[in-house]
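Me: I should like to learn how to read the fold of a protein chain. Could we work through an example together?

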Amino acid sequence: MADNIARVFAAAIAADPARPLLTWYDDATGERTELSGATLANWVAKTANLLVDELALSPGDPAGVLLPPHWQTAAVLLGCWSAGLTVRDEPGDVDVLFAAADRVAEADAWPAGDRYALALAPFAAPLREVPAGFADYVVEVRTQGDHFTPSGQGGPTDAALLAEADARATALGISPGDRLLIDATAHPDPRDWLLAPLLRGATVVLTGNPDRSRFPTRATTERTTHTLP
């Protein structure tokens, strides 16, 4: 059983880093963003460098992530796991907090030394107004290095997360090489929309604010092989 998320991510993109790994649709705004494995890996490396080089965090340090399914959320989560951090599920003290702009009011339940807000806007646009006590993730992460070497041991929660994701991949019928169409509102857990596909070497078409009437056409144009139930 895999026990290192950074290695699982690297293996998922190794065969063809240029192939579309994660395609994001927002049916409310009309946004479509396609990331190859190489492009997502660059965002992940920059995030991990922000955590390790800028914030001096170490494996096992806790992080809070108040973000919905989104391609930038994938970068944040994989960056945290690449740095060996523990992403907490419940409110509490954390060393770093990442929050969507519409969830910064929840930050009081997540005391953190460093806080980053995300607009989750098309084209990775920065926030128009940065909330008090926060830095803009997109602005800060762009200045970081493009390469990061994860710890060979992985984080303390990697094995458990990957075991749970493997079980979800089986339950959801995800097969190696699938191209998955996923309703983000139906599968908000990153074990479903992020880790399970990576474990199976599948690629993802992830839709936020979904208009389900568009899914049949999208399945054809994106050449998906399986829609998560």
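Reply: Let us begin with contacts that link distant parts of the sequence. In this predicted model, 70% of the contacts between residues at least 6 apart in sequence join residues at least 24 apart.

Me: Which helices and strands are there to look for, and how many of each?

Reply: The protein chain has seven helices and ten strands.

Me: Why does the radius of gyration agree with that of a compact globule?

Reply: One compares the value with what is expected for the chain length. A compact globule of 229 residues would have a radius of gyration near 17 Å, and the protein chain has 17 Å, so the two agree. Along the principal axes, the C-alpha atoms fill a box of roughly 45 × 40 × 30 Å.

Me: How should I read the interior, and what share of the residues is buried?

Reply: In soluble globular proteins, nonpolar side chains tend to be buried together. Here, buried residues make up 51% of the 229 residues. The largest nonpolar core holds 58 residues; Leu40, Leu51, Leu78, Trp81, Val96, Phe98 and Tyr137 touch the most other members. Helix H3, residues 71–82, contributes eight residues, the largest share of this core. A second, separate core has ten residues, including Val94, Leu97, Ala107 and Trp110.

Me: Which residues does Leu51 touch, leaving aside those up to four places away in sequence?

Reply: Its partners are Ala56, Leu57, Gly79, Cys80, Ala83, Leu85, Val96 and Phe98.

Me: Finally, how many side chains are positive and how many negative?

Reply: There are 17 positive and 30 negative side chains, and the centres of the two sets lie 7 Å apart.

Note on methods: Residues are numbered from 1 along each chain as its sequence is written. This is a predicted model: local features need pLDDT of at least 70, side-chain atom pairs count only at pLDDT 80 or more; totals for chains, interfaces and linings use all residues. Side-chain values use heavy atoms; hydrogens and water are left out. Helices (H or I, at least four residues) and strands (E, at least two) are DSSP runs, numbered from the N terminus. The radius of gyration is taken over C-alpha atoms; the globule rule is 2.2 Å times the number of residues to the power 0.38. Buried means under 20% relative accessible area, exposed over 50%, partly exposed in between (1.4 Å probe, protein chains only). Contact means heavy atoms within 4.5 Å. Lys and Arg count as positive and Asp and Glu as negative; His and the chain ends are not counted. The place of a charge is taken as NZ of Lys, CZ of Arg, CG of Asp or CD of Glu. A nonpolar core is a set of buried Ala, Val, Leu, Ile, Met, Phe, Trp, Tyr and Cys residues joined through side-chain atoms within 4.5 Å.
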